[in-house]
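Please open the model in your viewer and keep the selection tool at hand, since each stop on this tour asks you to pick out a few residues and look at what is there.

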Amino acid sequence: MTGPTSGSRDPRADAAPAEETPADVRLFTWILAGLGLLTVLLVVGATLWQVRQQRRNESLDQPRALAPFKLLERSGREVRDTELRGQVLVVNFVFTGCSYSCFQISQRMAEVQEALRDQDGVRLVSISLDPRSDSPAALVDFARKVKADAERWWFLTGPKDEVYALIETSFLAKARNDPDPRE
């Protein structure tokens, strides 16, 4: 007779076999967990992005007041914020060492100057982003090239920290740092 004898039987043979999870089921479980985590991250990221955009839009909707300042006009005359209050301002930012784009922008400002020549209470203002190089004399030369009317279009310069503080508080949310390594 072949087969096990009554006393030598393996006790594990009577126990229910442990079910192993097939590798493809484990892989599928990990994929589902990963997709769930990715979905949560995307939802959180999208929500944070929406909140940030909403805050940004709210800040853009808020009118900005012209912060107090004292800068030099190309004529060398000191200009204060109080001289501009109550006027419609068309403002741009330039630096005279900019070869093409600043000049192009200033040419558009010249077109605005021409279009608004008969309008009272409108002032064009170009603020130098490079006060280190843009002395009043450099601004005079630049203004001459774009045919800026000295009575209606002012070119302002001053210490960099004051210029950038004015830009940040009155015009832009945050001015970028000057990438110029010469500082």
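Of the 183 residues in the protein chain, 25% count as buried, and you should keep in mind throughout that this is a predicted model. Colour the chain by secondary structure, and you can trace 4 helices and 5 strands, which follow one another along the sequence in the pattern α-β-β-β-α-β-α-β-α.

**First stop: a patch on the surface**

Select Leu27, Phe28, Ile31, Leu32, Leu35, Leu38 and Leu42, and display the surface, where these residues form a nonpolar patch with about 690 Å² of accessible area together. One of them, leucine 32, belongs to helix 1, which covers residues 23–61. Is leucine 32 buried or exposed? Its relative accessible area is 47%, so leucine 32 is described as partly exposed.

**Second stop: a cavity**

Now turn to the interior, where the structure holds 1 cavity of 30 Å³ or more, with about 30 Å³ of space in it. To see what surrounds this cavity, select Leu66, Phe69, Leu84, Leu89, Val91, Val125, Ile127, Leu156 and Phe171, which line it. Strand 3 (88–94) and strand 4 (122–128) are the elements that give two or more residues to this lining. The lining consists of 9 nonpolar residues, with no polar and no charged ones.

**Third stop: salt bridges**

Side chains of opposite charge can pair when their charged atoms come close. Across the whole structure, a search finds 9 salt bridges, and a few of them are worth selecting in turn.

Begin with glutamate 73 and arginine 74, whose closest N and O atoms are 3.7 Å apart in a salt bridge. Glutamate 73 counts as buried because its relative accessibility is 5%, and arginine 74, at 8%, counts as buried too, the cut-off for this word being under 20%.

Move next to helix 2 (residues 101–115), where arginine 108 and glutamate 111 are 3 residues apart and therefore separated by about one helical turn. Their side chains meet in a salt bridge, with 3.0 Å from N to O. Arginine 108 is partly exposed at 41% relative accessibility, as is glutamate 111 at 45%.

Then select arginine 132 and aspartate 130, which form a salt bridge with their closest N and O atoms 3.9 Å apart. Here arginine 132 is partly exposed at 45% relative accessibility, whereas aspartate 130, at 11%, counts as buried. Finish with Asp141, Arg144 and Lys145, which are joined into one network by salt bridges that share partners.

How values were computed:
Residues are numbered from 1 along each chain as its sequence is written. This is a predicted model: local features need pLDDT of at least 70, side-chain atom pairs count only at pLDDT 80 or more; totals for chains, interfaces and linings use all residues. Side-chain values use heavy atoms; hydrogens and water are left out. On a 1 Å grid over the protein atoms alone, a cavity is a set of points where a 1.4 Å probe fits but cannot get out, and a pocket is an open set with protein on both sides within 12 Å along at least five of seven lines; lining residues have an atom within 4 Å of a point. Grid points are joined across faces, edges and corners, and a volume is the space filled by probe spheres set on the points. Ala, Val, Leu, Ile, Met, Phe, Trp, Tyr, Cys and Pro count as nonpolar, Asp, Glu, Lys and Arg as charged, and the others, Gly among them, as polar. Patches are made of residues with over 30% relative accessible area and no salt bridge: like charges are joined within 9 Å, nonpolar side chains (Val, Leu, Ile, Met, Phe, Trp, Tyr) within 5 Å. Accessible areas come from the Shrake-Rupley method with a 1.4 Å probe; for residues, only the protein chains shown count as cover. A salt bridge is a side-chain nitrogen of Lys or Arg within 4 Å of a carboxyl oxygen of Asp or Glu. Buried means under 20% relative accessible area, exposed over 50%, partly exposed in between (1.4 Å probe, protein chains only).
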